[in-house]
Every structure is written in structure tokens, then in C-alpha cells.
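Me: I am new to this structure and would like to go through it step by step. Could we take it up as a series of questions, each with a reasoned reply?

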Amino acid sequence: HRDLHSFPTRRSSDLLKMVDLPTSWRLMKSAQPFWVVMSFLFLLPEVFLKALRLKVLTRLFKSHLTFLQGNYIYLSGQPLSAVTPAKLGDIVRVLGIQRWGNLKLTSAFAVHVADKVYDLLALGLFASSGLMVLLAENENETPALVALLGIALGILAMALFLNPQWMRSIVRPALLALAPQKLSKQLRTHGSEFYADLLSIFESFNRVLLPFALSLGAWATVWVRAYFCALALGIPLSFGKITLLMPVVVVIEFIPVTLLGFGTREAALFLFFASATVSNSALLSFSLLNVLAGPLFTSLVGIPFALRLSSQLEKKP
């Protein structure tokens, strides 16, 4: 394994010098249609699991949000999330939860925040486990033991979120600071309501278990889709390696410095997956197919749902 301290901080132009673009293009053109179709189809369980998570969370506020409306809400936020630093996509989803879930603004924002928290905690659990296995292999330690340590850290993070004092002093101010400015101003005037709604979502283990399980399942479908992309391109990447290291790549990809994570994602892929049998050019094709079969496709599919939500909000008095 390579030295983790050597993570590339190159510009996109420097990264392009590390690949042979004609080779990447030939690989894309020769992709096996069956596995490409499977890659796109495997978006369905991811979207369905995230819609079901929204339904479960809104149900805590006696909302009658349907499973179909949960799909609408998730997809409606995808177009703006893909081309902006995600905050505009967040506003769309909050408004969708408020409109279709028939909830007050503070409750809708609390549901959205909880939805993001579960998403990030599940990703963090996958990523911490994978990174610790990688570090252990570099140090010749037992990967299984540090993987268990990663799981323990994930459980500890969940326990901290169930602590009211920790949430009141750290989580709530941080979330309000990260909220879009207009929405944050509205929420600050009803801060106690928002805090009470958010805390109620995490107040018991029974309420936490199902949404967290749905989050783990949603991310698992992402790793399966990535494996299908590797199969489509004929790249020798095992499902185990993808499950361990793709979460780390996604965490790095979330750094909001580029559009759709281009550049940071490829740098991480080159670092963690390049080998004597897997070239940077092949990994560039792998990255592009993952984007096409994932966020880019859902963004295009989400456009009519975003327009539908916009028209319904305009009609609402």
C-alpha cells in the first residue's frame, strides 16, 4: 500500500497528466451493456431506501407522507445538489418535506437534518472501518480488530447523538450555522421548537435503529453499483476492496471544492485503487461511469420532480 501521507493535492490539469485519455475513452466504449444496465438499475433500491427513511422520520411527527412522495422529495433535491454546494438542494428537500409531509418548517428541517445525520453516520461507519483496515495493513496489524474498532467508533457517534446535553451545546449551533442563511434566520426565531423536534427524533434507541439500518442499506447499494461499474469495464476490483475503500473515496469526494467531486474523487481513486493491474486510465473510466450511473442520472431524473414541487409551492397560499 502507498503512504497515506502522499495523498495528491494536484489540480485537475495535473491529474489529467496521470492518465491516457484515449485509453479511458476506449474502455468506456467497450463497457459490457449488461453490467452498465445493472449499474443504472441499482439506483432504484438506493432511492427507495432513502425515500422509506424519509417516510419513517416524518411518521414521528404524525405525518402521512407516502412512500411515493418520499421518492419525489429525494429526487427533487438532486438537480441543485449536483450543481451547487448542496445547500440549495437542501432547501428544496426541506420545502418538499414541509409541503408533501404537511409539517411546520421547524419539523421539516429537523427531519431533513436527521436524514442527513443518518446518511453521514452510516458513511462514516463504512469509511472508518475501511480506513482503519488500510492503516492496519500498512502497519502489519490485524485488519479484523481495527475494523471492529471502526464499528465501535460508529456506535459511539450514535450514542453521542442521543445525549441531549451534547446535542444542545454542539450539534444544534453547528447545524444552524451550516443551514442556508434565509432558512437559518427563520429557524433561529423558532430555535427551541426546532431543537425539541430534532431531539425527539433521537430520543430513544427504537427510533434510531430503523433509519440507521436503512442508511446502511442505502450505502451498501452504492458499493454494489460501483462493483457493477467495475465489472462493466472489466476492471479487476474485488467487491471486498470496493466496500472497504470506496466509502473513504466518497468522504473525500464530499469536500465542496469542485463540481460533482471531479478531481478530488479521481485523486482518491488513484491513491487507493491504482496497482500493477489497475491503471489510472482505467480508474478514470470507472469514476466517470460511477458518476453517470449515480448522481448525474438521478439529477436528470429529478428535474421533473423539482419542477412539480415548484409549481405546487406557487399554488399554495
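The questions below move from the whole protein to its salt bridges, rings, surface and loops.

Me: What kind of model is this, and how are its residues numbered?
Reply: This is a predicted model, in which local features need pLDDT of at least 70 and side-chain atom pairs count only at pLDDT 80 or more, while totals for chains, interfaces and linings use all residues. Side-chain values use heavy atoms, with hydrogens and water left out, and residues are numbered along each chain as its sequence is written, starting from 1.

Me: How many helices and strands does the secondary structure come to?
Reply: Helices (H or I, at least four residues) and strands (E, at least two) are taken as DSSP runs and numbered from the N terminus. By that reckoning the protein has 16 helices and zero strands.

Me: What percentage of the residues in the protein is buried?
Reply: A residue is called buried under 20% relative accessible area, exposed over 50%, and partly exposed in between, with a 1.4 Å probe and protein chains only. The protein has 317 residues, and the buried share of them is 50%.

Me: Why is helix 15 described as largely enclosed by the rest of the structure?
Reply: Helix 15 covers residues 264–273, and its buried residues include Thr-264, Arg-265, Phe-270 and Phe-273. Helix 15 is largely enclosed because its buried residues number 10 of the 10.

Me: Which residue forms a salt bridge with Lys-50, with N to O at 3.1 Å?
Reply: A salt bridge here is a side-chain nitrogen of Lys or Arg within 4 Å of a carboxyl oxygen of Asp or Glu, and the structure holds six of them. Lys-50 is buried at 8% relative accessibility, and its partner is also a residue of helix 4, four residues apart and so separated by about one helical turn. The partner, at 3.1 Å from N to O, is Glu-46.

Me: Which residue joins Glu-46 and Lys-50 in a network of salt bridges?
Reply: Glu-46, itself buried with a relative accessible area of 7%, also meets a side chain of helix 13 (residues 205–233), so that parts 179 residues apart in sequence are tied together. That second salt bridge has an N to O distance of 2.6 Å, and both of its residues are buried. The residue that joins the network is Arg-225.

Me: How many residues apart in sequence are the parts tied together by Asp-119 and Arg-53?
Reply: Asp-119 forms a salt bridge with Arg-53, and their closest N and O atoms are 3.4 Å apart. Asp-119 lies in helix 8 (residues 105–138) and Arg-53 in helix 4, so the pair ties together parts whose separation in sequence is 66 residues.

Me: Over the ring of which residue does the charged end of Lys-50 sit?
Reply: A charge is said to sit over a ring if NZ of Lys or CZ of Arg is within 6 Å of the ring centre and within 35 degrees of the ring normal. The charged end of Lys-50 is 5.6 Å from the centre of the ring in question, which belongs to Trp-219.

Me: What kind of aromatic pair do Phe-34 and Trp-35 form?
Reply: Rings of Phe, Tyr and Trp (its six-membered ring) pair if their centres lie within 6.5 Å, and planes under 30 degrees apart count as stacked, over 60 as edge-to-face and the rest as tilted. A search of the whole structure finds 11 aromatic pairs. For Phe-34 and Trp-35 the centres are 4.9 Å apart and the planes are at 75°, which makes the pair edge-to-face.

Me: Which helix gives the most to the nonpolar patch?
Reply: Patches are made of residues with over 30% relative accessible area and no salt bridge, like charges being joined within 9 Å and nonpolar side chains (Val, Leu, Ile, Met, Phe, Trp, Tyr) within 5 Å. The nonpolar patch of about 500 Å² (accessible areas come from the Shrake-Rupley method with a 1.4 Å probe, and for residues only the protein chains shown count as cover) has Val-37, Leu-44 and Phe-67 among its residues. Helix 3 (33–41) and helix 4 (43–59) each supply at least two residues, and the one that gives the most, with three, is helix 4.

Me: Where is Lys-62, whose phi is positive although it is not a glycine?
Reply: The phi of Lys-62 is about 65°, and the residue is exposed, with a relative accessible area of 71%. Its place is the loop between helix 4 and helix 5 (67–76).
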